[in-house]
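Subject: Structure handover and notes

Hi,

Here is the structure I promised to pass on, with my notes below it. Have a look at the model first, then read on at your leisure.

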Amino acid sequence: MKAKFSLFLAAAMTAASIGSTPAYAHHSFAAEFDGSKPVRLVGKITRVEWTNPHSYFYVDVTDANGKVTNWGCEGAGPGALSRRGWKKGDLKLGDSIVVDGYRAKDGSHLIDARRVTFPDGRTVYGGTPGDGGPGDNGTDQGALPGTPAKK
């Protein structure tokens, strides 16, 4: 009887996983990003994903030759960003922003967004507390130079 139940349970778990979407795993900074490759993006918001464990937003960046490249920007989860004063609706499609971060190790158009400057000039630390990346001091506010201290 136990063997039949175990077999049934294994089959049910396998069936449940078929066709499902993969879960995004939470990871350390160093698992995906290169702290020796800083980048500054200036562009317009094309999409915002206010999700856990990381939020994502996408920016169209135009280079000197007029070529537009869409960059993904990974930030902390919504809870951490909210504690910093960043609200879900703060970034709107078409807004021009500045993002300072670090490139993905795989060379893709993805960065870890360590500092985000909104259209109104407000700057927010975008890193995930405890991820070990540049400016991480284990707090929501981080310790990047030029990032306002938590009040």
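**The Phe29 and Tyr102 corner**

Phe29 is buried, with a relative accessible area of 4%. Before going further, please keep in mind that this is a predicted model, so every value here is computed from predicted coordinates.

Tyr102 counts as buried too, because its relative accessibility of 15% is under the 20% limit. A search of the whole structure turns up five aromatic pairs. In one of them, the ring centres of Phe29 and Tyr102 are 5.9 Å apart and the planes meet at 85 degrees, so this pair is edge-to-face. Phe29 sits in helix 2 (residues 29-32) and Tyr102 in strand 4, so the pair links parts of the chain 73 residues apart.

Pro134 touches both of these residues: leaving aside neighbours within four places in sequence, its contacts are Phe29, Gly35, Tyr102, Arg114, Tyr125 and Leu144. You will find Pro134 in the segment after strand 6, where it is partly exposed at a relative accessible area of 22%. Its C-alpha atom is 9.7 Å from that of Asp34, although the two residues are 100 places apart along the chain.

**Two nonpolar cores**

The largest nonpolar core has 19 residues, and the members that touch the most others are Phe57, Cys73, Trp86, Ile97 and Val99. At least two residues each come from strand 1 (33-49), strand 2 (55-62), strand 3 (68-75), helix 3 (78-83), strand 4 (96-104) and strand 5. A second, separate core holds seven residues, among them Phe29, Phe33, Tyr102 and Leu110. In soluble globular proteins, nonpolar side chains tend to be buried together.

Which residues does Phe57 reach, beyond its neighbours within four places in sequence? Its contacts are Ile45, Arg47, Val48, Trp71, Gly72, Cys73, Trp86, Leu91, Ile97, Val99, Ala113 and Val116.

Phe57 also belongs to an aromatic cluster, together with Trp50, Trp86 and Phe118. Within this cluster, Trp86 is buried, with a relative accessible area of 4%, whereas Trp50 is partly exposed at 22% relative accessibility. The rings of Trp50 and Trp86 have their centres 6.3 Å apart and their planes at 50 degrees, so the pair is tilted. This pair also links distant parts of the chain: Trp50 is in the loop between strand 1 and strand 2, and Trp86 in the loop between helix 3 and strand 4, 36 residues away.

**Charges, buried and otherwise**

The count of salt bridges comes to eight. Where do the partners of the bridge between Asp90 and Arg122 lie? Asp90 is in the loop between helix 3 and strand 4, and Arg122 in the loop between strand 5 and strand 6 (123-125), so the bridge ties together parts that are 32 residues apart in sequence. The closest N and O atoms of Asp90 and Arg122 are 3.1 Å apart. Arg122 is partly exposed, at 29% relative accessibility, and it lies over the face of Phe118, 4.4 Å from the ring centre. Arg47 is placed in a similar way over the face of Tyr58, at 4.1 Å from the ring centre.

The other bridges I would point you to involve Arg114. The side chains of Asp112 and Arg114 meet in a salt bridge with an N to O distance of 2.7 Å. Is this pair buried or exposed? Both Asp112 and Arg114 are buried, with relative accessible areas of 3% for Asp112 and 1% for Arg114.

Arg114 forms a salt bridge with Asp131 as well, at 2.7 Å from N to O. Here the partners are 17 residues apart, Arg114 in strand 5 and Asp131 in the segment after strand 6. Asp131 is buried too, with a relative accessible area of 8%. A network of salt bridges that share partners joins Arg40, Asp100 and Arg115.

Asp112 itself is found in strand 5 (residues 110-117). Apart from neighbours within four places in sequence, Asp112 is in contact with Phe29, Phe33, Glu74, Asp100, Gly101, Tyr102 and Asp131. That list brings us back to Phe29 and Tyr102, the edge-to-face pair from the start of these notes.

Best wishes

Technical notes: Residues numbered from 1 in each chain as written. Predicted model: local features only at pLDDT ≥ 70, side-chain atom pairs only at ≥ 80, totals over all residues. Heavy atoms only, no water. Helix = DSSP H or I, 4+ residues; strand = E, 2+ residues; numbered from the N terminus. Buried < 20%, exposed > 50% of the residue type's maximum accessible area, 1.4 Å probe, protein only. Contact = heavy atoms within 4.5 Å. Core = buried A, V, L, I, M, F, W, Y, C linked by side-chain atoms within 4.5 Å. Salt bridge = Lys/Arg side-chain N within 4 Å of Asp/Glu carboxyl O. Phe/Tyr/Trp six-rings, centres within 6.5 Å; stacked < 30°, edge-to-face > 60°. Lys NZ or Arg CZ within 6 Å of the ring centre and 35° of its normal.
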